[in-house]
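Colleague: Please take a close look at how the helices pack in this model, and at the residues around those contacts. I would like the cut-offs stated along the way.

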Amino acid sequence: MRIGILTSGGDSPGMNDAIYAVVKTCYKRGIECYGIYNGYRGLVRNQIAPLSLEDVHGIESKGGTILRSARLPEFKEVEVRQKAVENLKANGIDALVVVGGDGSYMGALRLTEMGINCIGLPGTIDNDIASTDFTIGFFTCTETIQKGIELVKDTARSHSRCIVIETMGNKCGDLALFGAISCGVDAVITREHPIDEEELFARLTKKREKNPDAYAIVVISEKNPDCQLNDLVEKIKQNTPFGQHVRGTSLGFVQRGGNPCTFDRIMAIRMGVRAVELLVEGKGGRCVGLRKNAIVDYDIVEALSKERHVDPDIARLADILMYNSKEL
Ligand code: ADP
């Protein structure tokens, strides 16, 4: 048997651990493992090479993905996927592990329908996949956000400013929510955890009235049409005593980098091992997830039909930890 592995969509810390686990599990079982470079684009361009134990030596501690990642919108077209299937067959590859997000799962499903068994692993910092409690890279990214918020706090405190910090997360607010909860901030606003603007202004006003040197930190998630960074900065300037002492900053691409934390490493390794086991059992069109600390797998069609909800217990923490204007 010959198994291929590729990483697709946005890169995330821990993708290398999934690759490492797949290569090592294949080795233990006498299966040849091949790396496909640059995601589905590399599959179509035949950028395929064997992956040895030496190739993955030391990668478990490194961020990014040694296989690189790419996006190829044309992969939705059957003729383009046909070329990918031909390349896999020419290289003698029977089955594929795909590490990526929901979009990558769709590609994996389509390839399975064309006769190549594929298993999807949730590789994204965004934690936006419904079929797993956590995605590979989410906790490493949360730690980076935590460091970022603490750095920004130092300057906010020194200049008595209100600083609005925008995190990544695509359309999912978990990165902002977890980062904010772990840092003691004044407010967090995401799609799933909105707060009333008037309440926010009242909160910041009370804080500043009580202490004219008070500083404040507000964390927001990206891609929320109801709350965008520059708009919010302007509104806080106009509606609170912070006036001109308001700034906005986006944490940006630093959030995607860095060596994976222990949780991401262990979870990615567990998932990588399971992916190979499923392929050996002849299964395809499935994706692996973590549920209540157990590794599980779902049919991709079922997984993609699941709706993702913010954990109400986590959202509740934000409300408990952050004072509202009446309590101040
Ligand atoms: P993510 O996997 O992180 O969600 P994207 O949505 O960009 O990232 O998807 C990654 C890649 O998966 C796309 O560039 C494309 O090659 C492939 N893909 C996405 N949707 C489909 C689809 N409906 N059918 C086939 N391939 C798809």
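Modeller: What follows goes through the helix contacts, then some single residues, and ends with the nonpolar cores.

The model is predicted, so local features need pLDDT of at least 70 and side-chain atom pairs count only at pLDDT 80 or more, while totals for chains, interfaces and linings use all residues. Residues are numbered from 1 along each chain as its sequence is written, and side-chain values use heavy atoms, with hydrogens and water left out.

Helices (H or I, at least four residues) and strands (E, at least two) are DSSP runs numbered from the N terminus. Axes are lines fitted to C-alpha atoms, for helices over the stretch in contact, and angles run from 0 to 180 degrees between N-to-C directions. Contact means heavy atoms within 4.5 Å.

Start with helix 7 (residues 197-210). Helix 7 packs against helix 8 (residues 229-239) at an angle of about 55 degrees, and their axes are 10 Å apart. The two are therefore oblique to each other; angles under 35 degrees count as roughly parallel, over 145 as roughly antiparallel, 65 to 115 as roughly perpendicular and the rest as oblique. The crossing of helix 7 and helix 8 is right-handed, a term for the near helix being turned clockwise from the far one by less than a right angle, with anticlockwise giving left-handed. On the helix 7 side the contact uses Glu197, Leu200, Phe201, Leu204 and Thr205, and on the helix 8 side Leu232, Lys235, Ile236 and Asn239. By class this contact has 5 nonpolar, 2 polar and 2 charged residues, where Ala, Val, Leu, Ile, Met, Phe, Trp, Tyr, Cys and Pro count as nonpolar, Asp, Glu, Lys and Arg as charged, and the others, Gly among them, as polar.

Thr205 counts as buried because its relative accessibility is 17%; buried means under 20% relative accessible area, exposed over 50%, and partly exposed in between (1.4 Å probe, protein chains only). Leaving out residues up to four places away in sequence, Thr205 touches Asn239, Thr240 and Pro241.

Tyr215 lies in the loop between helix 7 and strand 8 (216-221). With a relative accessible area of 21%, Tyr215 is partly exposed. Tyr215 and Leu204 are 11 residues apart in sequence, and their C-alpha atoms are 9.0 Å apart in space. Not counting residues up to four places away in sequence, Tyr215 touches Lys153, Ala156, Arg157, Ser160, Arg161, Asp186, Lys207 and Phe242.

One of those partners, Ser160, sits in the loop between helix 5 (138-159) and strand 6 (162-167). Ser160 has a positive phi of about 50 degrees although it is not a glycine, and at 15% relative accessible area Ser160 is buried. Arg68 also has a positive phi, near 55 degrees, and is a residue other than glycine. Arg68 belongs to the loop between strand 3 (48-50) and helix 3 (78-90) and is partly exposed at 44% relative accessibility.

Helix 5 packs on helix 6 (residues 174-181) at an angle of about 55 degrees, with the axes 9 Å apart. Helix 5 and helix 6 are therefore oblique to each other, and the crossing is right-handed. Phe138, Phe139, Cys141, Thr142, Ile145 and Ile149 of helix 5 meet Asp174, Leu175, Phe178, Gly179 and Ala180 of helix 6. These residues divide into 8 nonpolar, 2 polar and 1 charged.

The axes of helix 1 (residues 15-28) and helix 9 (residues 262-280) come within 7 Å and cross at roughly 40 degrees. Helix 1 and helix 9 are therefore oblique to each other as well, with a right-handed crossing.

Turning to the cores, a nonpolar core is a set of buried Ala, Val, Leu, Ile, Met, Phe, Trp, Tyr and Cys residues joined through side-chain atoms within 4.5 Å. The largest has 58 residues, and those with the most contacts inside it are Ile5, Val97, Leu121 and Ile217. Apart from it lies another core of 26 residues, among them Leu43, Ile48, Val85 and Tyr298. As for Ile217, its contacts beyond four places in sequence are with Ile149, Val152, Lys153, Ala156, Ile163, Ile165, Val185, Asp186 and Ala187. In soluble globular proteins, nonpolar side chains tend to be buried together.
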